[in-house]
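Okay, thanks for coming, everyone. I'd like to walk you through one protein chain today, so have a look at the screen and we'll go from there.

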Amino acid sequence: MSEPQKQLLHLVFGGELTSIEGIEFKDLAALDIVGIFPNYATAQAAWKAKAQSSVDNAQMRYFIVHLHRLLDPSTDAAKR
């Protein structure tokens, strides 16, 4: 019997940038909040689907935020 996987929350969101050189959004009210996911794999799948759907707009970017690292810094894999 396997143990349940630890929940590592990830947020996926995106929006249109003012420039492809930076990460400033044109309209914060128009941000696309894709969702919060229980692990990186599901967040990455959602991110990939959204990124591919916006491929025609070079200024549209989607990001994955490791919420678990903000909520509990001890879950940061880089510190292990």
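Before anything else, a word on terms: when I say helix or strand, I mean a DSSP run, at least four residues for a helix and at least two for a strand, numbered from the N terminus. And keep in mind that this is a predicted model.

With that in hand, here's a spot to begin with: Ser54 sits in the loop that links α1, residues 40-53, to β3, residues 60-65. Is Ser54 buried or exposed? Well, its relative accessible area is 13%, and buried means under 20%, so Ser54 counts as buried. Setting aside residues up to four places away in sequence, Ser54 touches Met60 and Tyr62. Hold on to those two names, they come back in a minute.

Let's zoom out. The protein chain has 2 helices and 3 strands, and if you read from the N terminus, the order is β-β-α-β-α. What about the overall dimensions? The C-alpha trace spans about 45 × 25 × 20 Å along its principal axes. The radius of gyration is 15 Å, while a compact globule of 80 residues would come in near 12 Å. Of those 80 residues, 24% count as buried.

The surface, then. The accessible surface comes to about 5900 Å², and carbon and sulfur atoms hold 57% of that. For charges, we've got 8 positive and 9 negative side chains, and the centres of the two sets are 7 Å apart.

Now, how do the parts of the chain meet? If you take contacts with a separation of 6 or more, 60% of them are between residues 24 or more positions apart. A good place to see this is Gly14, over in strand β1, residues 10-16. Gly14 has a relative accessible area of 0%, so it is buried. Which residues does Gly14 touch, not counting those up to four places away in sequence? The list is Phe25, Leu31, Asp32, Met60, Arg61 and Tyr62. There are Met60 and Tyr62 again, the two that Ser54 touches. Gly14 and Lys50 are another pair to look at: they're 36 residues apart along the chain, and their C-alpha atoms are separated by 8.5 Å.

Next up is Leu31, which is in the loop between β1 and β2, residues 32-37. With a relative accessible area of 24%, Leu31 is partly exposed. Beyond its neighbours within four places in sequence, Leu31 is in contact with Phe13, Gly14, Gly15 and Phe25. From Leu31 to Tyr62 is 31 residues in sequence, and 9.6 Å in space, C-alpha to C-alpha.

Phe13 and Phe25 also belong to the largest nonpolar core, along with Leu11, Leu17 and Leu67, so 5 residues in all. Have a look at Leu67 there: leaving out neighbours within four places in sequence, Leu67 is in contact with Leu9, His10, Leu11 and Ile36.

Last one, for contrast. Where is Gln7? Gln7 is in the segment before β1, and Gln7 is exposed, with a relative accessible area of 56%. Compare its position with Asp56: the two are 49 residues apart in sequence and 34 Å apart in space, C-alpha to C-alpha.

That's my tour, so over to you for questions.

Terms used
Residues are numbered from 1 along each chain as its sequence is written. This is a predicted model: local features need pLDDT of at least 70, side-chain atom pairs count only at pLDDT 80 or more; totals for chains, interfaces and linings use all residues. Side-chain values use heavy atoms; hydrogens and water are left out. The radius of gyration is taken over C-alpha atoms; the globule rule is 2.2 Å times the number of residues to the power 0.38. Buried means under 20% relative accessible area, exposed over 50%, partly exposed in between (1.4 Å probe, protein chains only). Contact means heavy atoms within 4.5 Å. Accessible areas come from the Shrake-Rupley method with a 1.4 Å probe; for residues, only the protein chains shown count as cover. Lys and Arg count as positive and Asp and Glu as negative; His and the chain ends are not counted. The place of a charge is taken as NZ of Lys, CZ of Arg, CG of Asp or CD of Glu. A nonpolar core is a set of buried Ala, Val, Leu, Ile, Met, Phe, Trp, Tyr and Cys residues joined through side-chain atoms within 4.5 Å.
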